[in-house]
Amino acid sequence: MGYVAVKGGTKAIEESIRLLKSRRAACGRSACVDTIQGAMRGLLDQIMSEGSLYAPELAALAVKQAEGNCEESVFLLRAYRSTLQRKYYSDILETQTMRVERRISASFKDIPGGQILGATYDYTHRLLDFDLENETDTDLRIWFDTYVKETDALQREGRTEQLPHVVDYLRKDNLIKDYEKSDKDPDDITREIMQFPASRSERLQCLTRGQTGAVTSLAYSFLRTSGMEHPTVAEMRTGFLPVTVPNPLGDSETESLSPEEDSYYIGSVEVTEAETIIPQNYKENDGTQTIRFQIGYGLCYGQNESKAIAMGILDYCLENKGKQPVNDEEFVLMSIDAMESAGFISHLKLPHYVTFQSCVKAARSTHRRTEKDDE
């Protein structure tokens with residue numbers, strides 16, 4: 001969807017843009033991109049997820065340019081993303097290889113590898129810390145240097161060993177319905193227009209790119225109105241996933257590559273993964289009723305926990321038929337996209353002189369006919 005503003009009023013538009021910049025310049029201080037990147041981690045994680053581009057430094061630049069406006073920052077990041085060449089497709093990422101910084105389960109108290117609380121606001125008091133008003137760069141460096149001396153690298157940087165997924169234990173007990181593994185290449189909604197009914201790969205892409213507030217609100221609406229059994233987070237983990245790309249010489253008939261040369265490591269991305277379990281009643285072949293669990297899956301950039309859990313709930317909703325609005329994939333997927341929804345609402349500010357005046361003319365004509373009929 002695209003809208004083009006009418007031409008005209010060039011001078012007025014230029015002055016509007018200058019006035020906009022003056023609002024940012026009025027304080028006389030320029031926000032440092034490095035500072036934004038270091039101090040606004042939560043905001044950048046949300047913007048990168050909705051912008052569908054993992055680039056913390058570019059997200060910080062977008063925040064500076066947009067004066068902290070999340071909607072505009074996502075717009076800038078997606079616009080930049082559309083200009084990039086796609087040179088490689090990565091290998092399939094296995095989340096079990098994640099360098100875990102935070103890992104919790106609300107379903108099991110004791111899990112292999114243990115509960116890893118990590119860095120989170122979940123256990124803090126939600127009270128304003130007025131000491132931060134006078135905090136200086138020197139204060140921050142002194143505190144951090146002391147922290148590094150007092151803690152070990154494992155606590156600061158996360159676990160390096162592979163940790164199994166909690167839901168595997170339910171699978172071993174045949175409590176989770178098994179599905180046939182599909183090796184079909186995922187659809188790419190950034191290159192092909194999504195068709196309904198959408199594939200699961202398209203749905204998951206839409207959900208992970210969806211506006212955080214919209215995804216969370218729709219998931220919450222389902223919990224409030226469906227009467228469903230209470231979902232439980234089987235496992236939520238946050239950490240860094242290694243990304244590799246296939247060796248470009250791997251398809252050459254003349255090249256003989258060792259296993260170590262099959263792929264190249266190009267970096268890591270921070271993600272949050274959540275697997276939510278929902279109990280379901282099933283009727284066996286012999287007519288008996290049993291309970292099994294279905295999995296709702298969510299994964300998004302950064303430490304974006306509420307969105308990942310909500311994404312898993314909506315994934316479950318879209319996989320199962322029902323009468324709730326959140327079971328309608330077209331309603332959900334077309335409503336949560338940050339650019340689609342914000343773009344359509346924003347376009348209402350553009351001139352609609354002709355269409356509105358035609359409506360006014362029709363209304364006046366109808367009103368006059370009604371008055372004559374009353375006489």
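This text walks through a helix pair and a group of aromatic rings. The model is predicted.

Start with helix 10, residues 212–225, and helix 12, residues 329–336. Their axes lie 9 Å apart. The angle between helix 10 and helix 12 is about 150°. Angles over 145 degrees count as roughly antiparallel. Helix 10 and helix 12 are therefore roughly antiparallel to each other.

Now look at the residues that touch. Helix 10 brings A214, V215 and L218 to the contact. Helix 12 brings F331, V332 and I336. Sorted by class, the contact of helix 10 with helix 12 has six nonpolar residues, with no polar and no charged ones.

Next come the aromatic rings. Across the whole structure, a search finds three aromatic pairs. One of them joins W143 and Y147. Their ring centres are 5.4 Å apart, and the planes differ by 10°. This pair is stacked. Both residues sit in helix 6, residues 137–150. W143 and Y147 are four residues apart there, so about one helical turn separates them.

Y147 also pairs with F144. Here the ring centres are 6.4 Å apart and the planes meet at 35°, so the pair is tilted. F144 and Y147 are three residues apart in helix 6, which means that about one helical turn separates them. Ring pairs link W143, F144 and Y147 into a cluster.

How exposed are these three residues? W143 is exposed, at 56% relative accessible area. F144 is partly exposed, at 46%. Y147 is partly exposed too, at 25%.

Definitions and conventions
Residues are numbered from 1 along each chain as its sequence is written. This is a predicted model: local features need pLDDT of at least 70, side-chain atom pairs count only at pLDDT 80 or more; totals for chains, interfaces and linings use all residues. Side-chain values use heavy atoms; hydrogens and water are left out. Axes are lines fitted to C-alpha atoms, for helices over the stretch in contact, and angles run from 0 to 180 degrees between N-to-C directions. Helices (H or I, at least four residues) and strands (E, at least two) are DSSP runs, numbered from the N terminus. Angles under 35 degrees count as roughly parallel, over 145 as roughly antiparallel, 65 to 115 as roughly perpendicular and the rest as oblique. Contact means heavy atoms within 4.5 Å. Ala, Val, Leu, Ile, Met, Phe, Trp, Tyr, Cys and Pro count as nonpolar, Asp, Glu, Lys and Arg as charged, and the others, Gly among them, as polar. Rings of Phe, Tyr and Trp (its six-membered ring) pair if their centres lie within 6.5 Å; planes under 30 degrees apart count as stacked, over 60 as edge-to-face and the rest as tilted. Buried means under 20% relative accessible area, exposed over 50%, partly exposed in between (1.4 Å probe, protein chains only).
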